[in-house]
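Visitor: I have a chain to look at, and I would like to know the reasons behind the words used for it. Could you take me through them?

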Amino acid sequence: MESLLDMLKAFESKISILSASLNIKIEFSLKLMVHYGAFTKYQLKNYSKLYGSTIVEAHKLLKNKYAEHPCCILLSNSFLKSSQTPMSEITANSKVFPEIGAILYI
C-alpha cells in the first residue's frame, strides 16, 4: 500500500509543478487499480483486446458509482484473496463490495 501512496504523491507533485509553470489550475485525479488474475489477449491487425473474467471484474470496479471519487485505490477481490490482505487493513475511509472488492478513498 505504501508504494501506491508514493505513486499518488509523485503524481500530485508533477501536477503541482505543471500548474505552477503554466500558471493554471490543473484538476486531474488518479485512480489506482490493483488486480490479480489470468486474462487472454487477442490481436486483429492493429487492434488488441484483453478479455476474461479478470477483465470483467476490473471493469465492474471501474464502473462502480462509488469509484467516482477523485482519488481512490481500487482493490479487486482477486487481489485481496491472492495477497491474503486481511480486511482489517482496509481503512475506515473505504467502501467494501463483497462481489467485486474494495475502494479506498485517499
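**Charges, fold and cores**

Guide: Happily! Let us begin with charge: the chain carries 12 positive and 8 negative side chains, and the centres of these two sets are 10 Å apart. Please keep in mind that this is a predicted model.

Visitor: What makes a side chain count as positive or negative here?

Guide: Lys and Arg are taken as positive, Asp and Glu as negative, while His and the chain ends are not counted. On that basis the totals are 12 positive and 8 negative.

Visitor: What is the pattern of helices and strands along the sequence?

Guide: The chain has three helices and six strands, and reading along the sequence gives α-β-β-β-α-β-α-β-β.

Visitor: How do you know whether the chain is spread out or a compact globule?

Guide: The globule rule gives 13 Å for 106 residues, and the radius of gyration is 16 Å, well over that value, so the chain is more spread out than a compact globule. The C-alpha trace spans about 45 × 45 × 25 Å along its principal axes. Of the 106 residues, 29% count as buried.

Visitor: Why is the set with Leu4 and Leu104 called a nonpolar core?

Guide: A nonpolar core needs buried residues of types such as Ala, Val, Leu and Ile, joined through side-chain atoms within 4.5 Å. The largest such core has nine residues: Leu4, Leu32, Val34, Ile73, Leu75, Leu80, Ile90, Ala102 and Leu104. Strand 1 (31-34), strand 4 (72-76) and strand 6 (101-105) each give two or more residues to this core. There is also a second, separate core of seven residues, including Leu74, Phe97, Ile103 and Tyr105.

Visitor: Which residues is leucine 75 in contact with, leaving aside its neighbours within four places in sequence?

Guide: Leucine 75 is in contact with Met1, Val34, Leu61, Leu80, Ile90, Ile100, Gly101, Ala102 and Leu104.

Visitor: Why is serine 19 called buried?

Guide: Buried means under 20% relative accessible area. Serine 19 has 16%, so it is buried. This serine is found in helix 1 (residues 2-22), and beyond residues up to four places away in sequence it touches Ile24, Lys25 and Ile26.

Visitor: And how do you know whether alanine 58 is buried or exposed?

Guide: The relative accessible area of alanine 58 is 10%, so this residue too falls in the buried class. Alanine 58 sits in helix 2 (residues 53-63) and touches Met33 and His35, again not counting residues up to four places away in sequence.

Visitor: What makes glutamate 89 exposed?

Guide: Exposed means over 50%, and glutamate 89 is at 53% relative accessibility, so it counts as exposed. Glutamate 89 lies in the loop between helix 3 (77-83) and strand 5 (94-97). Its C-alpha atom is 29 Å from that of lysine 14, which is 75 residues apart from it along the chain.

Visitor: What is the phi of asparagine 23, and where is this residue?

Guide: Asparagine 23 has a positive phi of about 60° although it is not a glycine. Most residues other than glycine have a negative phi. The place of asparagine 23 is the loop between helix 1 and strand 1, and at 71% relative accessibility it counts as exposed.

Visitor: Why is lysine 45 called exposed?

Guide: Its relative accessible area is 76%, and the exposed class is over 50%, so lysine 45 is exposed. Lysine 45 is in the loop between strand 2 (40-44) and strand 3 (47-51), and has a positive phi of about 55° without being a glycine.

Terms used
Residues numbered from 1 in each chain as written. Predicted model: local features only at pLDDT ≥ 70, side-chain atom pairs only at ≥ 80, totals over all residues. Heavy atoms only, no water. Buried < 20%, exposed > 50% of the residue type's maximum accessible area, 1.4 Å probe, protein only. Helix = DSSP H or I, 4+ residues; strand = E, 2+ residues; numbered from the N terminus. Contact = heavy atoms within 4.5 Å. Rg over C-alpha atoms; globule rule 2.2 N^0.38 Å. Charge placed at Lys NZ, Arg CZ, Asp CG, Glu CD.
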